[in-house]
Amino acid sequence: MNAIIKPRRFNGTVRVPASKSHTIRQLLIASLADGVSTIKNPLDSLDTRSCIEACKAFGAEIIEKSEELWEIKGNNGFKNKIKPGTVIDVGNSGTTLYLALALAGLQSEEIRFVGDEQIQKRSAAPLLDALAGLGVLVKSNNGCAPITIKGPWNGGKVTLICPTSQYLSALLIASPLAPAGTVTEIDIPLLNEKPYVEMTLSYLKTSLMSNARFAFKAALDYSHFFVLGGSQWKAFGDRVHSVPGDFSSAAFPAAAAAITGGAVRLIGLNALDTQGDKYFFEMLKSMGCDVYWQQTNNDDGKIEQALIVSGKGELKGGTFDLNNTPDLLPAAAVTAAFANGDTSLVNVGHARIKETDRIAVMAQELAKLGVSCTELPEGIIIHGKGAVSPPENTVIEGHGDHRIVMAFAAAALGSPVPLEITTAESAAVTYPGFLDLISGDRLHL
């Protein structure tokens, strides 16, 4: 589907979609827990639907009591065996694939993982090598899907290079469920996206049933982990987990406000959450936007936080390290295109191994807007002139990448002419309704 986005100033109140990272972690943890869990305000998107199918294949029962409340009856660490010949289609969800691969290594039936065209090009080789080192049977297409996984998880010591933190999160979520006495040691010579490991660790601290047979140790710099199996995930039960808003999704309406000199009020976010993509709002402030938190009353009369972003004038360039937050690169790059001066997005080579090579794609598509970029092996420099100058009838290739599509939809609002964006439907991977929001048909109030 192609979308045509017309220029306009972006103002309004936006309720930010729930965090994909939290929703997927909670779904998988609840699916292997020992009872019934309740998740409040989950993200309902294409990626989380893929995760739900994986959870059902793992033997969990999921009841959607309403749009805001999902109930999950867990399979208690694969107490009920997986059906032989199980195939899990993860669609476009790399998070689901990586986390579920490790969990599948805990059980004795072969599970085959497949996915869409992009997933079939995204290598999980470092994670698969680590799983094989722990005794798990692994078959793959040169590290890519289709991938077949089968236990047992024998444990041992492995080295895991983490260009994406999801490899490490996968082992940390699965290894406590290994048989009692099983030792899993992980050496980490490279770790990108550290805040998302901290998110995973927050669940280990609150949702594991510890006992004398279980032990967990982590080096302060996360270079080494020691896990002694024999634990299990505990159901959330009465501890209803409310999923916070997604800072990576919030970046796109925020970018739209910054680019067009508008103002947006973002609700549903938690200022204290571990999500690394909070960094985008520090970037906007550094580039000249007004950014601040305020308290507001919701429809129920309860006080909640709102994050205000106002594009008050000229944007200026800067240098920003995106190692912890590679998903910010598309939103940051289009914002930089409307800034005066160079903006360097650095230490983010792992953005090349996402749904697309986002460094190359952003340089290619920004050129259509008359914006000059310099590609670096580990980043990109955007040579901003304060405005963009695309010709009439410019078509931006979305490359089937949700973040590329959303970034250029935001850029289109500040363009002097409408922009046409291909594969626009991919925005629904993480942000259903985004195109309606950005085009002004409706706001998420």
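In this predicted model, the count of salt bridges comes to 20. One of them joins K354 and E193, whose closest N and O atoms are 2.9 Å apart. K354 belongs to the loop between β21 (340-346) and α10 (358-367), and E193 to the loop between β11 (183-187) and α6 (194-207), so the bridge ties together parts 161 residues apart in sequence. Both partners fall under the 20% cut-off for burial. K354 has a relative accessibility of 10% and counts as buried. E193 is buried too, with a relative accessible area of 5%. The pair is also part of a wider network of salt bridges. Its members are R122, E193, D327, K354, E355, R358, D401 and R403.

A further salt bridge is formed by D290 and K312, with 3.2 Å between the closest N and O atoms. D290 is in strand β18 (residues 290-297), while K312 is in the loop between β19 (303-310) and β20 (319-321). The two residues are 22 apart, and the pair links distant parts of the chain. D290 is partly exposed, at a relative accessible area of 31%. K312 counts as exposed, at 57% relative accessibility.

R352 and E375 also meet through their side chains, at 3.1 Å from N to O. R352 lies in the loop between β21 and α10, and E375 in strand β22 (residues 372-376), so this salt bridge ties together parts that are 23 residues apart in sequence. Both residues are partly exposed: R352 has a relative accessible area of 24%, and E375 has a relative accessibility of 39%.

Burial was next examined by helix. Helix α9 (residues 329-337) is mostly covered, with nine of its nine residues buried. These are L329, P330, A331, A332, A333, V334, T335, A336 and A337. Their packing partners include three other helices of the list, α7 (247-260), α8 (279-287) and α11 (402-413). The buried residues of α9 also pack against α10 and the strands β21 and β23 (379-385).

Helix α4 (residues 125-133) has L127, L128, A130 and L131 as its buried residues. Seen down the helix axis, these fall within an arc of 160°, so they line one face of α4. They pack against helices α3 and α5 (166-174). They also pack against strands β8 (137-141), β9 (144-150) and β10 (156-159). Just after α4, G135 takes a positive phi of about 100°.

In soluble globular proteins, nonpolar side chains tend to be buried together. Here the largest nonpolar core has 74 residues. The residues with the most contacts inside this core are F58, L101, F113, L131, W153, L168 and L171. Helix α3 (residues 94-104) supplies the largest share, eight residues. L131, named among the residues with the most contacts, is also one of the buried residues of α4. The contacts of F113 were listed without its neighbours within four places in sequence. They are I88, V90, L97, A100, L101, A104, A145, P146, I147 and I149. A second, separate core has 73 residues, including A3, V264, V388 and A407.

A search of the whole structure finds nine aromatic pairs. In one of them, the ring centres of Y222 and F225 are 5.8 Å apart and the planes stand at 40°, so the pair is tilted. Both Y222 and F225 are buried. In another, F247 and F281 have ring centres 6.1 Å apart and planes at 70°, so the pair is edge-to-face. F247 lies in helix α7 and F281 in helix α8, so the pair ties together parts 34 residues apart in sequence. F247 is buried, with a relative accessible area of 1%. F281 counts as buried at 5% relative accessibility. Ring pairs link F247, F280, F281 and W293 into a cluster.

Charged side chains also sit over aromatic rings. K194 lies over the face of Y222, at 4.9 Å from the ring centre. The charged end of K217 sits over the ring of F226, at 5.8 Å from its centre.

Definitions and conventions:
Residues numbered from 1 in each chain as written. Predicted model: local features only at pLDDT ≥ 70, side-chain atom pairs only at ≥ 80, totals over all residues. Heavy atoms only, no water. Salt bridge = Lys/Arg side-chain N within 4 Å of Asp/Glu carboxyl O. Helix = DSSP H or I, 4+ residues; strand = E, 2+ residues; numbered from the N terminus. Buried < 20%, exposed > 50% of the residue type's maximum accessible area, 1.4 Å probe, protein only. Contact = heavy atoms within 4.5 Å. Core = buried A, V, L, I, M, F, W, Y, C linked by side-chain atoms within 4.5 Å. Arc of directions from axis to C-beta. Phe/Tyr/Trp six-rings, centres within 6.5 Å; stacked < 30°, edge-to-face > 60°. Lys NZ or Arg CZ within 6 Å of the ring centre and 35° of its normal.
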